[in-house]
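Okay, thanks everyone for squeezing in. I'd like to walk you through one chain today, so have a look at the screen while I talk.

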Amino acid sequence: MSLATPDKISSLQRKLYGKAKAEPAYRFYRLYDKILRPDILEHAYALARENDGASGVDGMTFETIEAMGPEGWLAALREDLASKTYRPTPVRRVMIPKPGGGERPLGIPTIRDRVVQTAAKLVLEPIFEADLEDCAYGYRPKRSALDAVKTTHRLIRRGYVDVVDADLSKYFDTIPHRELMQSVARRICDPHVLHLIKLWLRVPVEERDGKGRRSLRGGKTNRQGTPQGGVISPLLANLYMNRFLKHWRMRGCGAEFRAHLVNYADDFVILSRGCAAEALAWTRAAMTKLGLTLNEAKTSLKDARTEGFDFLGYTLGPKYAPKGGQKYPGAGPSKKSVQRIKDKIGDLLKPGEKGSWPKVRDRLNRRLAGWSAYFSYGTRAPAYRAVDRYVTERVRRFLAKRHKEPGRGTRPFSWSEIHGKFGVAQLLQTPETAVVGLP
């Protein structure tokens with residue numbers, strides 16, 4: 001459960017949003033003093049603490065700060081900001097596996113930098129939120145990836161079945177700084193805030209080789225990209241993508257291409273009635289002007305009446321009713337999403353796991369609850385059934401080995417025992433709740 005925003009901060013955010021919404025050309029001159037407010041820094045620290053996360057290059061952890069006393073730590077940070085001596089520390093880069101294979105870089109700022117970025121986000125987000133297009137769903141208050149999926153599904157059911165399934169090539173790494181700062185400066189002209197953002201964009205990245213040797217990359221010479229992993233990065237990425245979305249609207253592309261656009265961060269689809277190829281050609285040219293590039297290998301045209309496409313973990317396209325075989329435009333968890341949760345379950349139930357069964361079970365059930373909460377829309381029975389079967393078999397093997405049962409442990413660890421006595425969650429409960437979203 002996320003922390004509630006204190007009333008004084010909520011009041012400030014409402015005023016900033018209201019001013020920005022009422023006056024689209026207004027530029028905000030004094031914001032740095034808001035970032036310095038003790039209540040905003042304290043709430044920023046609480047949010048960062050709730051999110052937890054690994055330590056940065058300085059090795060500082062929340063446990064260390066709590067032992068020192070967060071009040072003094074925050075007071076020293078505020079003094080650095082007030083005296084304009086604050087400088088961000090290099091970002092620690094780690095490589096994490098990508099769902100489709102390979103790895104992607106993730107930047108881990110220090111807790112100190114995460115707190116300042118969170119404070120800046122608390123102040124800046126309401127202003128930029130007033131300008132973002134309605135078709136954008138990523139990293140926005142009261143919007144989610146599931147909302148984007150539902151909107152896409154509704155449009156398909158309304159006949160927008162000619163689809164541009166788009167993919168941007170390394171979007172976060174290629175956003176040009178000069179143009180991004182122009183987008184920021186359109187609303188923000190407080191020089192101290194602009195300086196903060198420039199510092200974060202150009203902070204060096206620390207990498208270590210297999211022998212632990214340290215090297216720094218980027219820094220002042222860096223002219224593009226927003227560090228993935230930074231708290232402020234999604235907000236800046238949304239702001240730059242809004243250039244494309246706003247151009248789409250002002251150019252009248254919706255009417256010209258008989259289409260709607262649905263965007264989540266760097267993912268988007270265009271749903272058209274017969275003009276998908278023209279919409280793709282326009283998009284390719286528009287992205288080039290923005291200094292961005294479509295990943296041609298992953299961008300394609302689809303007919304949602306005859307073939308499915310993946311968007312934000314869901315597969316959307318033709319499905320068939322269990323009774324009668326009637327075809328309908330459906331949505332449900334993609335095969336990749338099902339395989340992903342299976343892989344995570346396999347990691348949780350690895351043979352070397354030494355934790356007590358209640359702790360292992362609780363971690364497993366939390367993982368299943370989070371997955372099913374997101375994949376709660378559309379035709380979900382086949383995916384739920386596949387996950388339930390996999391979970392049951394992996395738990396059975398795990399318990400059989402732990403209890404030194406011969407064979408596969410089918411008899412002592414039956415389906416009813418696993419989901420009853422041993423307390424493992426079951427996703428597919430009843431046929432009545434298995435399918436929603438049918439026409």
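Before I point at anything, one cut-off: when I say a residue is buried, I mean under 20% relative accessible area, while exposed means over 50% and partly exposed is whatever falls in between. Also, please keep in mind that what you're looking at is a predicted model.

So here's a case for that cut-off. Take V203, which sits in the loop between α10, residues 191-201, and β4, residues 204-208. Is V203 buried or exposed? Its relative accessibility is 8%, so V203 counts as buried. If you want a feel for distances, go from V203 to K354: they're 151 residues apart along the chain, and their C-alpha atoms are separated by 40 Å.

Okay, zooming out to the whole chain. We've got 17 helices and 11 strands in the secondary structure. How does the radius of gyration look for 439 residues? A compact globule of that length would come in near 22 Å, and this chain has 24 Å, which agrees. Along the principal axes, the C-alpha atoms fill a box of roughly 70 × 60 × 45 Å.

As for inside versus outside, 47% of the 439 residues count as buried. The chain exposes about 22,200 Å², and carbon and sulfur atoms supply 52% of that. On charge, I get 78 positive and 47 negative side chains, with the centres of the two sets lying 2 Å apart. And if you take contacts between residues at least 6 apart in sequence, 69% of them join residues at least 24 apart.

Now the part I'd like you to rotate to: three strands. Start with β6, residues 259-264, and β7, residues 267-272; these two pair in the antiparallel sense over six bridges. They form a hairpin, with two residues between them. To place yourself in that pairing, find L261, whose bridge partner in β7 is I270.

Look at the turn of that hairpin too, since A265 there has a positive phi of about 55°. Why flag that? Because most residues other than glycine have a negative phi. Hang on to that thought, we'll meet a couple of others.

Then bring in the third strand. β3, residues 162-167, is joined to β7 by six bridges, and those two run antiparallel as well. Here the pair to look for is V163 with L271, its bridge partner in β7.

How enclosed are these strands? Five of the six residues of β7 are buried, so β7 is largely enclosed by the rest of the structure. For β6, five of its six residues are buried, so that strand is largely enclosed too.

Right, over to a couple of loops. Between α6, residues 111-129, and α7, residues 145-157, you'll find P141. P141 is partly exposed, at a relative accessible area of 39%. What does it touch, if we leave aside its neighbours within four places in sequence? P141 is in contact with E125 and E129. For W371, on the other hand, the C-alpha separation from P141 is 21 Å, with the two positions 230 residues apart along the chain.

K142 is in the loop between α6 and α7 as well. That's one of the positive phi cases I promised: the phi of K142 is near 60°, and the residue isn't a glycine. At 88% relative accessibility, K142 counts as exposed.

The other case is D52, also not a glycine, with a positive phi of about 60°. You'll find D52 in the loop between α3, residues 38-51, and α4, residues 62-68. Its relative accessible area is 39%, so D52 is partly exposed.

Last stop is N51, which belongs to helix α3. N51 counts as exposed, with 61% relative accessibility. How far is N51 from S2 in space? From C-alpha to C-alpha it's 9.2 Å, and in sequence the two are 49 residues apart.

That's my tour. Happy to spin the model around if anyone wants another look.

Conventions:
Residues are numbered from 1 along each chain as its sequence is written. This is a predicted model: local features need pLDDT of at least 70, side-chain atom pairs count only at pLDDT 80 or more; totals for chains, interfaces and linings use all residues. Side-chain values use heavy atoms; hydrogens and water are left out. Helices (H or I, at least four residues) and strands (E, at least two) are DSSP runs, numbered from the N terminus. The radius of gyration is taken over C-alpha atoms; the globule rule is 2.2 Å times the number of residues to the power 0.38. Buried means under 20% relative accessible area, exposed over 50%, partly exposed in between (1.4 Å probe, protein chains only). Contact means heavy atoms within 4.5 Å. Accessible areas come from the Shrake-Rupley method with a 1.4 Å probe; for residues, only the protein chains shown count as cover. Lys and Arg count as positive and Asp and Glu as negative; His and the chain ends are not counted. The place of a charge is taken as NZ of Lys, CZ of Arg, CG of Asp or CD of Glu. Two strands pair if DSSP finds at least two bridges between them.
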